[in-house]
Amino acid sequence: MAATSQLGRLVVPRTAFFLCDVQEKFRPVIQNYPDVVNIAKRMLTAAQLFDIPVIATEQSPEKLGSTVSELASGLSGARVVAAKTKFSMLVPEVQEHLRQLPTVDSVVLFGIETQVCVQQTALDLLAQGYRVHLLADGVSSRTHVDRNVAVERLRQSGAFITTSESALFELLGDSRHPRFKDISTLVK
């Protein structure tokens, strides 16, 4: 029988959501950008419903702008929205917030760009022993090739590749969950 960690099961008290660099300047150049924003919005809403901690970053916001306005209300409850120049999200401020979440061992990761910041974040999290769940419908890049190759590399490195709907229903676990109706409406 496989160990739970090998299965990568998501459970609410052990999960955090990471939103990576969904910023205004990227809007015209990222493939399927509206879809990435919609999935991020879905996940931020779900985080509020489940009371899952959210950690977000912005890459060089003075040059690339803030997180897109469509996500502002969802970020109001975020533990941190950290500005960074490092490609990985695991800057000292984020590391400090992770230390304050000792029960968290799984991170659901979404944002841009898949082959740069998302990939380096996932690799750093994996190296620290976290289980990374990459939302295939919640990441993108300037080119499909970069996105697809990065997703495959992360799969080879040990990340679990999933979708937002799959992750949310796994977090629910049962149709009798008190948030079932809310989540069902959210994914429609």
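# Exercises on a predicted model

Glu58 stands opposite Ala83 in strand 3. The model used in these exercises is predicted.

## Exercise 1: Two strands

Find how many bridges join strand 2 to strand 3, and state whether the strands run parallel or antiparallel. Then sort the side chains of strand 3 by the face to which they point.

Solution.

Step 1. Locate the strands: strand 2 covers residues 54-59, and strand 3 covers residues 80-84.

Step 2. Count the connections. Strand 2 and strand 3 are joined by five bridges, and the two run parallel.

Step 3. Go along strand 3, where the side chains alternate. One face receives Val80, Ala82 and Lys84, which are buried. Val81 and Ala83 point to the other face and are not buried. Ala83, the residue opposite Glu58, therefore belongs to the face that is not buried.

## Exercise 2: Aromatic pairs

Search the whole structure for aromatic pairs. For Phe17 and Phe110, decide whether the pair is stacked or edge-to-face, and whether each ring residue is buried or exposed.

Solution.

Step 1. The search gives two aromatic pairs.

Step 2. Take Phe17 and Phe110. Their centres are 6.2 Å apart and their planes are at 80°. Planes over 60 degrees apart count as edge-to-face, so this pair is edge-to-face.

Step 3. Place the two residues in the chain. Phe17 is in strand 1 (residues 15-20) and Phe110 is in strand 4 (residues 106-112), so the pair ties together parts 93 residues apart in sequence.

Step 4. Check the accessibility, using the rule that buried means under 20% relative accessible area. Phe17 has 0% and is buried; Phe110 has 1% and is buried as well.

Step 5. Treat the pair of Phe169 and Phe180 in the same way. The ring centres are 6.2 Å apart and the planes stand at 70°, so this pair is edge-to-face. Phe169 belongs to helix 7 (residues 164-172) and Phe180 to helix 8 (residues 180-187), with their positions 11 residues apart in the count along the chain. Phe169, at 28% relative accessibility, is partly exposed, and so is Phe180, at 30%.

## Exercise 3: Salt bridges

State how many salt bridges there are. Then describe the salt bridge between Asp105 and Arg14, and name the residues of the network that contains both.

Solution.

Step 1. The count is 11 salt bridges. Side chains of opposite charge can pair when their charged atoms come close.

Step 2. Compare a distance with the cut-off, which is within 4 Å. For Asp105 and Arg14 the N to O distance is 3.1 Å, so the pair qualifies.

Step 3. Place the partners. Asp105 lies in the loop between helix 4 (92-99) and strand 4, and Arg14 in the loop between helix 1 (4-7) and strand 1, so the pair ties together parts that are 91 residues apart in sequence. Asp105 is partly exposed at 23%, and Arg14 is partly exposed at 28%.

Step 4. Repeat for two other bridges. In the bridge of Arg176 with Asp174, the closest N and O atoms are 3.4 Å apart. Arg176 is exposed at 72%, whereas Asp174 is partly exposed at 34%. Asp182 and Arg179 meet at 2.9 Å, N to O. Asp182 has a relative accessible area of 32% and is partly exposed; Arg179 also has 32% and is partly exposed.

Step 5. Look for shared partners. Arg14, Asp105 and Arg131 are joined into one network by salt bridges that share partners.

Technical notes:
Residues numbered from 1 in each chain as written. Heavy atoms only, no water. Phe/Tyr/Trp six-rings, centres within 6.5 Å; stacked < 30°, edge-to-face > 60°. Helix = DSSP H or I, 4+ residues; strand = E, 2+ residues; numbered from the N terminus. Buried < 20%, exposed > 50% of the residue type's maximum accessible area, 1.4 Å probe, protein only. Salt bridge = Lys/Arg side-chain N within 4 Å of Asp/Glu carboxyl O. Pairing = 2+ DSSP bridges.
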